[in-house]
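Colleague: Before we go through this chain together, could you show me what you are working from? I would like to put my questions with the sequence and the model in view.

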Amino acid sequence: MKKKLKYDPDLDLLNNNEKELLKKACDAIENFVSRSEKINKIGYKTRDAHVTPYSSLRGTFSAYNNFEEHAIFPAKNLDCIIRISNAHMKLVSQKKTVPAYGFSVKISDAEDTVLNLPLVNFPLFPIDRVSSFLKIFTSINYFFSGNIAQKFLEFSRILKNLITVIPDFFHSSFITQIFKFINKRNDFILSFDYHSIGAYRLGDHMVKYKLVPTGIPRKTTENRIDLSIKNYLENNDHVLELMIQYCYDLKDQPINQLNKMWKNSEFIPIGKIKISELIDKDNKNIEKMSFDPFENIAGLEPVGKIQKLRDEAYKTSLKTRNK
């Protein structure tokens, strides 16, 4: 049996330049979120990503009896809240659009959060250089919140920094996944597999997560995404299997190279989510909710430099939304 690699805090460390750029990115997040009510013409401040809700769901998570980490995931039913969304920073139509979907899962024991899993329907992240990503992300926030002159300035900065990361997009793993994604671009939103961006701790070890639906049709005739979810769940049960992939070797399962698929590590099913209720997609309690993965219980936190950026980003967004 292969030996699982243990978590090393050094994998999360940001250098001084990256820390300074992160502060600037958080300023940009605060600027965007504080103006988001006007930007999106809606009656409350929104997130700075995954703004458009398609559906909210309630269910239960139960770990399989043979899952060896019951010290972390108790062998009993846990509550689940799920928010399905579009990744764009601005509100988009409920009709079919660019299929960049989010599937955020909060698993709780009574009122206590066990695991927040913000998942997406594409398994890789194209940019490995933290400094380049932060510069692009900062400019995107100012682009959407600025006036015409600011938009022109930030667009030029986005293009300038994108040029530096073009090689990251041409990794063979990333290109392969792009072609697979194109083939599925018109599929029913509930039929996608949903993946963690980067790795997480699982006790002393490190894993990636994948959520796989069971028995879901790939196609639907309903063009409105929110209605396609509603129509399906009113007539069908919905069960998803949560799976993990262990890190054994940083060469085959890199933590800080997110544009490369992990190899030589099989996905292992650890439990299932059963959906029990469809919640109003505009439910204010859900829209105020945070799915910050750094609110997870000890031993289930995110791992890696790109993941580390989410800590301050989520906190800044939530704090600004609740002002």
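Colleague: How many helices and strands does the chain have?

Modeller: The model is predicted, so local features need pLDDT of at least 70 and side-chain atom pairs count only at pLDDT 80 or more, while totals for chains, interfaces and linings use all residues. Residues are numbered from 1 along each chain as its sequence is written, and side-chain values use heavy atoms, with hydrogens and water left out. Taking helices as DSSP runs of H or I with at least four residues and strands as E runs of at least two, numbered from the N terminus, the chain has seven helices and ten strands.

Colleague: What radius of gyration does the chain have, set against that of a compact globule?

Modeller: The C-alpha trace spans about 60 × 45 × 40 Å along its principal axes. The radius of gyration is taken over C-alpha atoms, and the globule rule is 2.2 Å times the number of residues to the power 0.38. For 323 residues a compact globule would come out near 20 Å, and the chain agrees with this at 19 Å.

Colleague: At which residue does α3 bend?

Modeller: Helix α3, residues 148-169, has 22 residues and reaches 29 Å from its first C-alpha to its last, close to the expected 32 Å, where the expected span is 1.5 Å times one less than the number of residues. The bend is the angle between axes fitted to the seven residues ending at a position and the seven starting there. In α3 this angle is about 45°, with the proline P167 following within four residues, and the bend is at I163.

Colleague: Which helix do the buried residues of α3 pack against?

Modeller: Buried means under 20% relative accessible area, exposed over 50% and partly exposed in between, with a 1.4 Å probe and protein chains only. By that measure E154, I158, N161, V165 and D168 are buried in α3. An α-helix has 3.6 residues a turn, so residues three or four places apart point the same way. With contact meaning heavy atoms within 4.5 Å, the buried residues of α3 pack against α2 (130-145).

Colleague: Is K41, with its positive phi, buried or exposed?

Modeller: K41 is found in the loop between α1 (16-39) and β1 (53-63). Its phi is near 50°, a positive value in a residue other than glycine. The relative accessible area of K41 is 77%, so K41 is exposed.
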